[in-house]
Amino acid sequence: MILLISGPSGAGKSTVYRELMRREPRLVFSVSATTRPPREGERDGVDYHFLSDAEFDRLLAEDAFLEWAEVHGRRYGTRQADLDRLEAAGRIPLLDIDVQGCVQVLGECGDRVVSVFLWPPSWSVLEDRLRGRGTDGEETIATRLANARWEVGFADRYTYWVVNDEVDRAVAALEAIIAGRGEPYRRENVPRPLRP
Ligand code: ADP
Ligand code: 5GP
């Protein structure tokens, strides 16, 4: 199984899966490569592999990525070798990747992928969370909000929809999905939380 989680920046993906990983030790975070600079407190090799443009280009030339995409003006990608290593160790890789990456991973890994779209409860809550996080400037927040409207247009590609109103509730939903009790969170059973 590969657990793939997407959702607009600020929806609460990392908050939710950090707690999920505490509860479910089989999960292991798949560390992506990115050309974006580290935020305060982020560690190389833990949060991301922070690469220069030239380093990213080299990996592209080597065909090292299972998937990659440009997101908010920076490049992000999952290395095939990283994923292979996690799966060989018998773990469930958790991929926090964008909607373009999801389309690629579904094409490559199909049945093995459990895909979850994490929704913010409303547009105004999303904006508040992005501001409240305090990691991004106004320009970055504006880009991320604009992209969010486009990203939710891909939500129909995901098997499960989880609304992150309360962290505990969202984590419980993900636990149920992993345990095969995800029926209430299947897309067709969840009213669409937001319109683009
Ligand atoms: P993402 O990983 O999707 O970009 P984060 O996990 O960084 O989002 O969350 C964005 C901000 O929203 C953080 O400040 C986080 O503490 C807050 N947050 C996340 N989930 C909730 C929630 N359910 N209720 C209130 N605040 C939340
Ligand atoms: P952030 O810069 O906030 O950490 O992430 C921005 C966006 O990039 C998020 O939507 C996140 O899911 C996405 N992202 C992170 N890693 C990858 C990756 O390896 N591939 C793709 N396609 N998207 C990624």
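**Entry 1: Trp150 and Phe154**

I looked up Trp150 in this predicted model and found a relative accessibility of 44%, so I recorded Trp150 as partly exposed. Phe154 has a relative accessibility of 17% and therefore counts as buried, the cut-off for buried being under 20%.

**Entry 2: Aromatic pairs**

I counted nine aromatic pairs in the model. I then examined Trp119 and Trp161: their ring centres are 5.0 Å apart and their planes stand at 65 degrees, so I entered the pair as edge-to-face. I noted that this pair joins distant parts of the chain, with Trp119 in strand β8 (residues 113-119) and Trp161 in strand β9 (residues 160-163), 42 residues apart. Both Trp119 and Trp161 are buried. I returned to Trp150 and Phe154, whose ring centres are 4.9 Å apart with planes at 70 degrees, so that pair is edge-to-face as well.

**Entry 3: Cluster and charge**

I found that Trp119 and Trp161 belong to one aromatic cluster together with Phe117 and Tyr158. I also checked Arg149, and its charged end sits over the ring of Trp123, 4.2 Å from the ring centre.

**Entry 4: Strands β5 and β6**

I turned to strand β5 (residues 65-71) and recorded it as mostly covered, with five of its seven residues buried. Strand β6 (residues 74-79) pairs with β5 in the antiparallel sense, and I noted six bridges between them. Opposite Arg75 in β6 I found Glu70. The hairpin of β5 and β6 has two residues between the strands, and there I noted a positive phi near 50 degrees for His72.

Note on methods
Residues numbered from 1 in each chain as written. Chains lettered and ligands numbered in written order. Predicted model: local features only at pLDDT ≥ 70, side-chain atom pairs only at ≥ 80, totals over all residues. Heavy atoms only, no water. Buried < 20%, exposed > 50% of the residue type's maximum accessible area, 1.4 Å probe, protein only. Helix = DSSP H or I, 4+ residues; strand = E, 2+ residues; numbered from the N terminus. Pairing = 2+ DSSP bridges. Phe/Tyr/Trp six-rings, centres within 6.5 Å; stacked < 30°, edge-to-face > 60°. Lys NZ or Arg CZ within 6 Å of the ring centre and 35° of its normal.
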